[in-house]
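Please look at the ligand and at the protein around it, and follow the paragraphs below with the structure in view.

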Amino acid sequence: MANNIYHGVVRTRDQITPNMLRFSLESEALSDFPDGFEGGYVKLVFPRPEAKRPAMRSYTVRSFDRGARQVTLEMVTHGDLGPAGRWAERAKLGDSIVFAGPGPCRSADPSADWFLLAGDMTALPAISVQLENLPPNAVGDAVIEVISDEDRRKIIRPDGIEVHWITNPEPARPNSLLADAVMNLPWRSGRVSAWIASEFANARALRQYMRHDRAVDRDSLYVSCYWKIGDTDEGMKAAKGSDSESW
Ligand SMILES: Cc1cc2nc3c(=O)[nH]c(=O)nc-3n(C[C@H](O)[C@H](O)[C@H](O)COP(=O)(O)OP(=O)(O)OC[C@H]3O[C@@H](n4cnc5c(N)ncnc54)[C@H](O)[C@@H]3O)c2cc1C
């Protein structure tokens, strides 16, 4: 991840669906933001007086406007247990926020025969970018878990991509809804490019399914966990590090 530091100001804050807030953050320094990082991420920085280092939380760059020197992020509301969730609920126009980055975007392989994208609401911004950038003749499936039916929204995508919405009003309770939905899809023929990001347990189950049951090779597979039930971001990273299979 690039270590550029941006001192941002909240320019817009919109409740786009019941459980998703969209923020535009402006910073003079964004005039030098590199091209092609939509779908990548920045880390919001939250000072912690009690600790040596600040807490840092990753959020996908949904879009970037160089003229306005603004990045747009979409943040799932999930209460105020963590610094990012707390900030999102309380932030007002004109508030300051420091962020660092950008980190890279792992794109689907455009030469694949078909595409499989799956994720929960935290991955919806990244999946939206991926779908917008697929070749127009792309075919495949996108499985997206949202918190309420009203969180479903129009997504720009090739006609050949079927979107399968799942509603899970309690994403912070252990479940396997996303993994089950993906595993129950008919498997298409040809070479897949799979892109998956979600809560730890579903991401882990899908990583095993793709690698072992479907023999998807590493170059055709991106699986990432974006958060972990009952654990902070730091705890999630520790769990990844001690997992028996590499992420
Ligand atoms: C590369 C990357 C890109 C990401 N992009 C986005 C994005 O665009 N939009 C987005 O909303 N999130 C995104 N995330 C996920 C986000 O970083 C995490 O949800 C993060 O843990 C939130 O930080 P926090 O300070 O609120 O909570 P933490 O301090 O990390 O955790 C506190 C508590 O909140 C719970 N928690 C954390 N996130 C959620 C959640 N989504 N739902 C329910 N409970 C939760 C934890 O289980 C824990 O109990 C991304 C993560 C990564 C790694």
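The paragraphs that follow describe where the ligand sits and what surrounds it.

This is a predicted model, and the place to begin is the position of the ligand within the chain. The space that the ligand takes is the largest pocket. Since domain 1 (4-103) and domain 2 (114-241) both give residues to the shell around the ligand, the ligand lies between these two domains.

Which elements give two or more residues to this shell around the ligand? They are strand 4 (55-60), strand 6 (70-76), helix 1 (83-90) and strand 12 (221-227), and of the elements it is strand 4 that gives the most, with four residues. Counted by residue, there are 24 around the ligand, and those that come nearest are Ser-58, Val-76, His-78, Gly-85 and Lys-228. By character, the shell divides into 11 nonpolar, eight polar and five charged residues.

Two residues that come nearest, Val-76 and Lys-228, also reach the ligand through their backbones. A polar backbone atom of Val-76 is 2.8 Å from an oxygen atom of the ligand, while a backbone N or O atom of Lys-228 lies 2.6 Å from an oxygen atom of the ligand. Glu-74 adds a contact to a nitrogen atom of the ligand, which is 2.8 Å from a polar backbone atom of that residue. As for the surface of the ligand, the accessible area that it has on its own is 910 Å², and the protein covers 92% of this.

Note on methods: Residues are numbered from 1 along each chain as its sequence is written. This is a predicted model: local features need pLDDT of at least 70, side-chain atom pairs count only at pLDDT 80 or more; totals for chains, interfaces and linings use all residues. Side-chain values use heavy atoms; hydrogens and water are left out. A residue is near a molecule or strand if one of its heavy atoms lies within 4 Å of it. A polar contact is a pair of N or O atoms within 3.5 Å; within protein, one must be able to donate a hydrogen and the other to accept it, and residues adjacent in sequence count only if both atoms are side-chain atoms. Accessible areas come from the Shrake-Rupley method with a 1.4 Å probe; for residues, only the protein chains shown count as cover. On a 1 Å grid over the protein atoms alone, a cavity is a set of points where a 1.4 Å probe fits but cannot get out, and a pocket is an open set with protein on both sides within 12 Å along at least five of seven lines; lining residues have an atom within 4 Å of a point. A molecule sits in a cavity or pocket if more than half of its atoms lie within 2 Å of its grid points. Ala, Val, Leu, Ile, Met, Phe, Trp, Tyr, Cys and Pro count as nonpolar, Asp, Glu, Lys and Arg as charged, and the others, Gly among them, as polar. Domain bounds come from an automatic or database domain assignment.
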